[in-house]
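Colleague: I have a new model open and would like some help reading it. Could you take me through it feature by feature?

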Amino acid sequence: MARSGLAAAARVARWADAALRPGRDGANSDGKGTLSDATAERAAAELGLTVAQVRADWDTARLAGLIEVHGDSARPGWRLRAWNRDDSAVLRGWVALFDAWSLAHPEPAGQEPAGVAEVVSAMPQVLSFLQLSAGPVPVAQLLDLLEQRVTELRTERCEIPYGPQPEPVQAAAGATAAETGAAEPEDGEDTSLAPLLDWALHALASVGALTYGDGQATLTPLGSWAVWVKLEQICVAAQSPAGNIEQSAEDMLRGCAQLRPNAARAEYRAWLAARPVGSAVSELVNAARGDDALLRGLAFEALRVVGAPAEPDVRAVVDDATLRPYALLWLAEHDGIDPEDAHEVLTREEATWLWVDTAAAVADHGEAPMLVRHLESAVQPTVPALLDEVRAVGHPRTVQVLVALAAAHPDPALAKAVRRAAFQVHTGGI
């Protein structure tokens, strides 16, 4: 259903990918990636559509992430690239469209922005009710639920003004509303939320989340699945085992440092479920750029939990020397290479750099025996070969790692050789 629902948007996005390469005109200079008139007319002619259809499909493609807008230009998103090989990318695209339902269909004219915002905030409860009902629900019943939820939202926002307040003025008996300043609805004024509910249901129908007509609404199977996923995410976020949901990425990763792998992954999932995926990925990448090698490794473990949506950000750091080995391993596993074989994508120098970086994490946060055992993971067949290549790779923590290893190793002769290597790196010798 998701694939068929987005088929028209994907068609326009693929046309744009082929016809509008970087440097060619195609978008208006409004920073929103809207199509210029000339481009829309060209697309309509070549695809056999009307201009209105092209613009509608283009807007859907942007909301679904098939097209990504960057300033005055637009480029294909990862979901379009993965369209033919990854059903999850298609589903994620539809969920993104579902999340943006309020942008997919214009709200009624003349409505106050605050009222529109309240209805958007209240609709998740309406959708949950539809999901639980598992069938058609009369619009009158949904309107009653919406009005209750909006009232709750308004009550939650009420605050007692700070500071001393004047005593209330008692109205004289029999005083009219006009005399006491009380507001009354003007004749003909519609204070009902019915027009906004009608808009919301039409908008959700336009993205394929429900059917709406004959005075009732019914979630589609795809809409029911999406609501279930959202409820599951809320439950996951509420059950954070280590309580790090509200923390920054760096603090969350530090909180996971002592957890076992499965528990850490559960914490990553809870943290990710509580925030938009784009900002979460950016936070994790920024945490990986820091000086703490342990956080670097944990950040990429969390990015593995993110999966495909993190691919563009991971590819973007491949040329960063500090992150390159981690990014290459992540991409290899993402492309289907067995994690045990993924290290083969690294050059000898990259593997050595990663060994030093991991050793730095162990030296900072682990115990001495762990650092000694870390020797076994080196790609070099002998310790002298390892030391030669470690000295040449130029990792900024090389000296500290070698000093810590020398202090931890029980073999006096090997420890002496490691100390000598540390001294040579420190003094610039060979």
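Modeller: Happy to; we will go from the overall picture to a sheet, a helix pair and one loop residue.

Colleague: What is the mean pLDDT of the protein, and how many helices and strands are there?

Modeller: Keep in mind that this is a predicted model. Its mean pLDDT is 78, and 80% of the residues reach 70 or more. Residues 22-32 have a pLDDT below 50, and that stretch has 24 contacts in the model beyond near neighbours in sequence. Residues 159-163 are also below 50, with 0 such contacts. As for the elements, the protein has 23 helices and 5 strands. Of its 430 residues, 40% are buried. Taking contacts between residues at least 6 apart in sequence, 62% join residues at least 24 apart.

Colleague: Now the sheet. In which order do the strands run, and is the pairing parallel or antiparallel?

Modeller: The order is β3-β5-β4, in an open sheet of 3 strands with antiparallel pairing. β3 (137-138) and β4 (210-213) stand at the edges with a single partner strand each, so one side of each has no neighbour in the sheet.

Colleague: Which residues stand opposite each other between β3 and β5?

Modeller: β3 and β5 (residues 216-219) pair over 2 bridges. Val137 stands opposite Ala217 of β5, and Pro138 has Gln216 of β5 as its bridge partner.

Colleague: And how many bridges join β4 and β5?

Modeller: There are 4 bridges, again in the antiparallel sense. One of the partners to look for is Leu219 in β5, which pairs with Leu210. The two strands, β4 and β5, form a hairpin with 2 residues between them, and Asp214 in the turn has a positive phi of about 55°.

Colleague: How do I read the faces of a strand? Which residues of β5 are on the covered face, and which on the uncovered one?

Modeller: In a regular strand, side chains alternate between the two faces of the sheet. In β5, Ala217 and Leu219 make up the covered face, while Gln216 and Thr218 make up the uncovered one.

Colleague: Which helices lie across these strands?

Modeller: Helix α8 (residues 113-133) lies across β3, β4 and β5, at about 75° to β5. Helix α11 (residues 194-206) lies across β4 and β5, at about 130° to β4.

Colleague: Let us turn to helix packing. At what angle do α19 and α21 pack?

Modeller: Two packed helices are described by the angle between their axes and the distance between the axes. Here α19 (residues 348-365) and α21 (residues 383-393) pack at about 90°, with axes 9 Å apart. That makes α19 roughly perpendicular to α21. On the α19 side, Arg348, Glu349, Thr352, Trp353, Trp355 and Val356 take part, and they meet Leu386, Glu389, Val390 and Val393 in α21. By class, this contact has 6 nonpolar, 1 polar and 3 charged residues.

Colleague: Last one: where does Gln247 lie, and why is it called partly exposed rather than buried or exposed?

Modeller: Gln247 lies in the loop between α12 (221-238) and α13 (249-256). Its relative accessible area is 32%, so Gln247 counts as partly exposed; the buried class is under 20% and the exposed class over 50%. Leaving aside neighbours within four places in sequence, Gln247 is in contact with Met252, Trp271 and Arg275. Trp271 is 24 residues from Gln247 in sequence, and their C-alpha atoms are 8.4 Å apart in space.

Key: Residues numbered from 1 in each chain as written. Heavy atoms only, no water. Pairing = 2+ DSSP bridges. Contact = heavy atoms within 4.5 Å. Axes fitted to C-alpha atoms, helices over the stretch in contact; angles between N-to-C directions. Buried < 20%, exposed > 50% of the residue type's maximum accessible area, 1.4 Å probe, protein only. Parallel < 35°, antiparallel > 145°, perpendicular 65-115°, else oblique. Nonpolar A, V, L, I, M, F, W, Y, C, P; charged D, E, K, R; others polar. pLDDT = per-residue confidence, 0-100.
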